[in-house]
Amino acid sequence: MRKHPEIFSDAALRHIKTGGTKPPGEMTASELPPMAVSWSSTEHLPVGEWKEKAPKYVRGLSPCLTHCPVGNDVEGFVSKVRDNDIETAVKLLLAENPLPATCGRVCYHPCEDGCNRKELDGAVGIRAIERYLGDHPEFKGSDIWQQAKPSSGKKIAVIGSGPSGLACAWGLALLGHKVEVYEQKEKAGGLLRYGIPAYRLPKDVLDREIGRITDVGVKFFYSWKIGEDRIIKDMLAAFDAVFVAAGAVKTRQLGIQGENNNNVWSALDFLNTVANGIIPDIGARCVIIGGGNSAVDAARSARRLGAESTILYRRTCNEMPAHQAEIDDAIAEGVIISELAVPLEFILEDGTLRGVNCLRTRLGEPDSSGRRKPLPVPGSDFAIECESVINALGEMVSSEDLTSNLQLIRAMKTADAWGKSMHPSLFAGGDFTGGERTVAHAIGGGKRAAMAIDRFLLGTKNESLERYRVGGGPASLASYLRSGDSEVTAGGIRTIQFDDLNPAYFPARERAYLEKHLLESRDFEFSEVEPGMNQAQAIEEAERCFSCGRCTKCGLCQIFCPEGAVRKNNKNDLMIFDSHCKGCGICVEECPRCAIEFREES
Ligand SMILES: Cc1cc2nc3c(=O)[nH]c(=O)nc-3n(C[C@H](O)[C@H](O)[C@H](O)COP(=O)(O)OP(=O)(O)OC[C@H]3O[C@@H](n4cnc5c(N)ncnc54)[C@H](O)[C@@H]3O)c2cc1C
């Protein structure tokens with residue numbers, strides 16, 4: 001009775017393949033593929049009673065969601081961009097992340113590492129789409145304010161205004177609490193302002209994001225060093241809760257002779273000086289010791305100040321902890337990487353730095369970090385001449401700077417994933433508490449702490465917060481604000497893998513790569529390296545998203561159903577199967593996004 005559709009019209013194919021917004025019910029006759037028709041009613045055919053298994057629409061999790069440490073509704077905002085509904089996309093993003101323009105520039109995009117599209121032709125450029133939304137000039141904190149809870153009358157102090165402190169302050173303000181942020185520096189942002197250089201994150205972008213946080217009522221107090229100007233014990237007495245997000249800002253010592261010379265900088269002091277608009281005198285040749293983010297940013301900044309810039313690293317480029325894209329950009333800008341080398345001592349003449357004596361290394365067996373251990377090669381000494389050295393061995397936490405109270409130090413150091421410490425009203429998060437040191441992890445930790453603090457203040461601290469985790473991973477502030485499960489936080493949802501999808505419906509389409517303005521082609525030293533997308537590019541890139549695990553109402557199930565048993569429920573706009581479904585499973589097979597499951601009939 002039903003003719004199986006063999007030929008799709010071009011328009012129908014385009015719609016199916018791009019996951020477009022036009023369901024077959026809204027297509028014109030010429031756009032529709034051939035459909036089964038019956039000359040008379042088929043209501044009397046009880047085929048549905050025979051089936052052993054029945055299809056059911058289910059929500060699966062896109063891996064981008066579970067990979068995002070912030071808890072962004074990645075698939076949600078990308079699909080809204082695809083629909084050209086920019087306003088909803090921005091609101092979805094801001095509901096989880098107060099720093100989208102920042103993350104859109106400097107996040108190491110674990111969402112893209114998880115993206116199923118990378119198995120086909122390259123992950124969706126999620127970070128660039130996020131940046132496009134974050135840069136959208138029309139949206140302010142007040143746009144999200146209507147979701148905020150009424151005032152609770154509770155007051156919380158946040159120590160440190162890096163991404164963790166900012167995210168916690170934002171979350172607490174939306175939850176109806178008064179928040180005061182205490183920052184030792186003159187401006188807010190932490191390492192976003194004083195660590196990450198302006199060529200990756202322009203400071204006016206950061207100012208705009210912080211403006212959004214002051215928009216929702218958060219108060220900032222600058223040049224307040226907790227531990228000197230005020231002590232944590234007093235703060236615990238004066239506030240209903242205290243969140244410590246003081247970061248890891250103490251430089252690891254090199255432990256070699258001459259380290260205290262004026263021309264031996266710590267990476268953070270050097271980057272901080274440059275961020276303050278002061279040009280340090282580093283001479284014509286600068287050696288940077290280390291292989292992490294700080295080393296690469298210091299080396300690229302030194303290049304921009306006109307110096308020949310050499311990174312000295314004890315392993316090879318492959319083992320460098322810095323992000324690969326940053327290493328590639330540094331090399332493209334002319335930074336030299338001297339692999340398999342360690343510094344032995346500084347060469348000083350009458351107190352003036354002339355160079356570094358070094359030793360070659362070779363790689364041995366893997367150590368506790370899983371990376372191959374660098375072993376000294378006897379007799380391989382060599383010298384590098386330079387006028388300055390930057391120590392970028394890495395940063396450590398210094399809780400002792402905050403308080404000498406050992407009990408409080410212990411409490412802060414043992415804070416759990418929700419920031420809860422052994423002291424009931426003391427919470428901690430971000431780099432200060434360890435774990436992965438990235439902006440996204442710091443924001444995620446700040447958000448979780450905001451939820452835990454809210455629970456503590458409302459006296460419901462024993463109620464589990466785990467239900468607000470997305471697929472058991474990052475937490476959703478938006479779900480918490482609604483005090484309910486969302487589609488993605490409900491337990492037991494499966495994360496969709498590439499093999500679960502039906503890739504035949506997604507034609508190969510190259511990812512949009514944006515040309516970078518590297519050092520040789522830029523006209524101002526610290527101008528931004530990476531350009532952003534315009535709206536058309538953002539929509540085009542968003543169209544590459546599979547929307548893994550979510551029904552986009554593409555209508556393929558309806559088209560292929562031999563019984564015509566699939567239709568749209570007009571009440572909630574969802575697709576449903578009626579009693580004529582005989583459980584053949586074609587819809588399950590054909591669904592491009594794995595949004596239909598075949599379940600045993602009970
Ligand atoms: C050079 C560099 C580049 C990086 N690049 C990237 C990147 O590209 N992408 C990425 O994801 N991550 C990057 N990181 C890591 C990232 O910046 C950190 O993981 C993140 O900033 C940690 O956030 P936080 O809020 O915990 O701490 P921080 O950003 O360090 O903020 C802590 C704040 O607390 C303040 N504070 C400290 N002590 C006190 C006190 N006693 N009283 C008052 N205030 C105090 C500090 O002044 C600071 O403002 C980089 C790190 C460095 C060093």
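Which residue in strand 13 is the bridge partner of P366? Here it's R372, and the first views below show the strands around that pair. One thing to keep in mind while you look around: this is a predicted model.

**View 1. Strands 12 and 13 make a hairpin with five residues between them.** Strand 13 covers residues 372–376, and it runs antiparallel to strand 12, with four bridges joining the two. P366 and R372 are one of the bridged pairs. Look in the turn for G370, which has a positive phi of about 90°.

**View 2. Strand 12 also forms a hairpin with strand 11, this time with two residues between the strands.** Strand 11 takes in residues 341–349 and strand 12 residues 352–366; they run antiparallel and are joined by eight bridges. I347 sits opposite G355 of strand 12. In the turn, D350 has a positive phi of about 50°.

**View 3. The whole chain, zoomed out for a moment, has 21 helices and 20 strands.** Out of 602 residues, 46% are buried. Take the contacts between residues at least 6 apart in sequence, and 73% of them join residues at least 24 apart. As for confidence, the mean pLDDT of the chain is 88, with 88% of residues at 70 or more. Residues 1–7 are the stretch to treat with care: pLDDT stays under 50 there, and the model has 13 contacts for them beyond four places in sequence.

**View 4. The ligand is surrounded by 42 residues, and the nearest of them are G160, G162, G190, G247 and G430.** Four helices each give two or more residues to this shell: helix 9 (163–174), helix 10 (191–194), helix 14 (293–304) and helix 17 (439–457). What's the make-up of the shell by class? There are 20 nonpolar residues, 14 polar ones and eight charged ones.

**View 5. The largest nonpolar core has 161 residues, and A169, F243 and I288 are the ones that touch the most other members.** Helix 17 gives the most to this core, with ten residues. As a bit of background, nonpolar side chains in soluble globular proteins tend to be buried together. Zoom in on F243 and, leaving out residues up to four places away in sequence, you'll find it touching I156, V158, G165, C168, G419, F427, A428, G429, A449 and I453.

**View 6. A275 belongs to helix 13, which spans residues 267–275.** Is A275 buried or exposed? It's buried, because 22 other C-beta atoms lie within 10 Å, and 20 or more is what it takes. Setting aside neighbours within four places in sequence, A275 is in contact with R193 and Y194. The C-alpha atoms of A275 and R193 are 7.1 Å apart, although 82 residues separate the two in sequence.

**View 7. I539 lies in helix 19.** This residue counts as partly exposed, because it has 17 C-beta neighbours inside 10 Å. I539 touches V81, R82 and N84, not counting residues up to four places away in sequence. Another residue to pick out here is S79: it's 460 residues from I539 in sequence, but C-alpha to C-alpha the two are 9.1 Å apart.

**View 8. C561 is placed in the loop between helix 20 and strand 18 (566–568).** With 24 C-beta neighbours inside 10 Å, C561 counts as buried. Beyond its neighbours within four places in sequence, C561 is in contact with V566, I586 and C587. C581 is worth finding too: its C-alpha is 8.3 Å from that of C561, and the two are 20 residues apart along the chain.

**View 9. S547 and C594 have positive phi values, though S547 isn't a glycine and neither is C594.** For S547 the phi is about 55°. Its place is the loop between helix 19 (535–542) and helix 20 (556–560), and S547 counts as buried because it has 21 C-beta neighbours inside 10 Å. For C594 the phi is about 60°. C594 is found in the loop between helix 21 (586–590) and strand 20 (596–600). With 23 C-beta neighbours inside 10 Å, C594 counts as buried.

Technical notes. Residues are numbered from 1 along each chain as its sequence is written. This is a predicted model: local features need pLDDT of at least 70, side-chain atom pairs count only at pLDDT 80 or more; totals for chains, interfaces and linings use all residues. Two strands pair if DSSP finds at least two bridges between them. pLDDT is the predictor's confidence in each residue, from 0 to 100. Two residues are in contact if their C-beta atoms, placed from the backbone, lie within 7 Å. A residue is buried if 20 or more other C-beta atoms lie within 10 Å of its own, exposed if 12 or fewer, and partly exposed in between; C-beta atoms are placed from the backbone. A residue is near a molecule or strand if its C-beta atom, placed from the backbone, lies within 6 Å of it. Ala, Val, Leu, Ile, Met, Phe, Trp, Tyr, Cys and Pro count as nonpolar, Asp, Glu, Lys and Arg as charged, and the others, Gly among them, as polar. A nonpolar core is a set of buried Ala, Val, Leu, Ile, Met, Phe, Trp, Tyr and Cys residues joined through C-beta atoms within 7 Å.
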